[in-house]
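Biologist: Mind if I quiz you on how some of the labels in this model were earned? Let's have a look at it together.

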Amino acid sequence: VQLVESGGGLVQAGDSLILSCAASGLTASRYKFSNFAMGWFRQAPGKEREFVAVISWIGSDTYYTDSVKGRFTISRDNAADTVYLQMNSLKPDDTAVYYCAIKGPYPTYSTTWYQADAYDYWGQGTQVTVSS
């Protein structure tokens, strides 16, 4: 399974960005992209990787870390095997490398979804830098 993030960049505080994460390699298994939960994490310099958002494999349930609630929106397009992270009202504290990750198949929701070690595959990350 390969995950490729895109959409990062350098923006000013208050701007918006949309990150994309395209999955491939699932056709070799008997599962589809829609069978997996998808998460976004981020890691700032000198800090541990932290949970940002996750969307259930059904797509109807989303969860966010408190610091991005109301500003970020996670969504998925199962026909395109892609998950998105719409980021609005960006702040300098949002500066980090953003990673997408896949968990499944058919994972049952639990608080482990907020933990990086609960995910099976990761992308290489995309840098988001927010200037003040």
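**Putting the labels to the test**

Modeller: Sure, and bear in mind that it's a predicted model. Let me start with a side-chain pair: arginine 42 and tyrosine 98 are joined by a polar contact of 2.9 Å.

Biologist: What makes that pair of arginine 42 and tyrosine 98 a polar contact?

Modeller: The cut-off for the N or O atoms is 3.5 Å, and the side chains of arginine 42 and tyrosine 98 come in at 2.9 Å. Arginine 42 has another such partner in glutamate 50, side chain to side chain at 2.6 Å.

Biologist: Where does arginine 42 lie, and why is it called buried?

Modeller: Arginine 42 belongs to strand E4, residues 37-43. Its relative accessible area is 5%, and buried means under 20%, so the label fits. Beyond four places in sequence, its contacts include Val52, Val68, Phe72 and Val97.

Biologist: How do you know that cysteine 21 and cysteine 100 form a disulfide?

Modeller: Their sulfur atoms are 1.9 Å apart, and the rule asks for within 2.5 Å, so the pair qualifies. The count by that rule is one disulfide.

Biologist: What does the pair of cysteine 21 and cysteine 100 tie together?

Modeller: Cysteine 21 sits in strand E3 (residues 17-24) and cysteine 100 in strand E9 (residues 96-103), so the link joins parts 79 residues apart in sequence. It's right-handed, with 50° about the S-S bond.

Biologist: Are cysteine 21 and cysteine 100 buried or exposed?

Modeller: Buried, both cysteine 21 and cysteine 100.

Conventions
Residues are numbered from 1 along each chain as its sequence is written. This is a predicted model: local features need pLDDT of at least 70, side-chain atom pairs count only at pLDDT 80 or more; totals for chains, interfaces and linings use all residues. Side-chain values use heavy atoms; hydrogens and water are left out. Helices (H or I, at least four residues) and strands (E, at least two) are DSSP runs, numbered from the N terminus. Buried means under 20% relative accessible area, exposed over 50%, partly exposed in between (1.4 Å probe, protein chains only). A polar contact is a pair of N or O atoms within 3.5 Å; within protein, one must be able to donate a hydrogen and the other to accept it, and residues adjacent in sequence count only if both atoms are side-chain atoms. Contact means heavy atoms within 4.5 Å.
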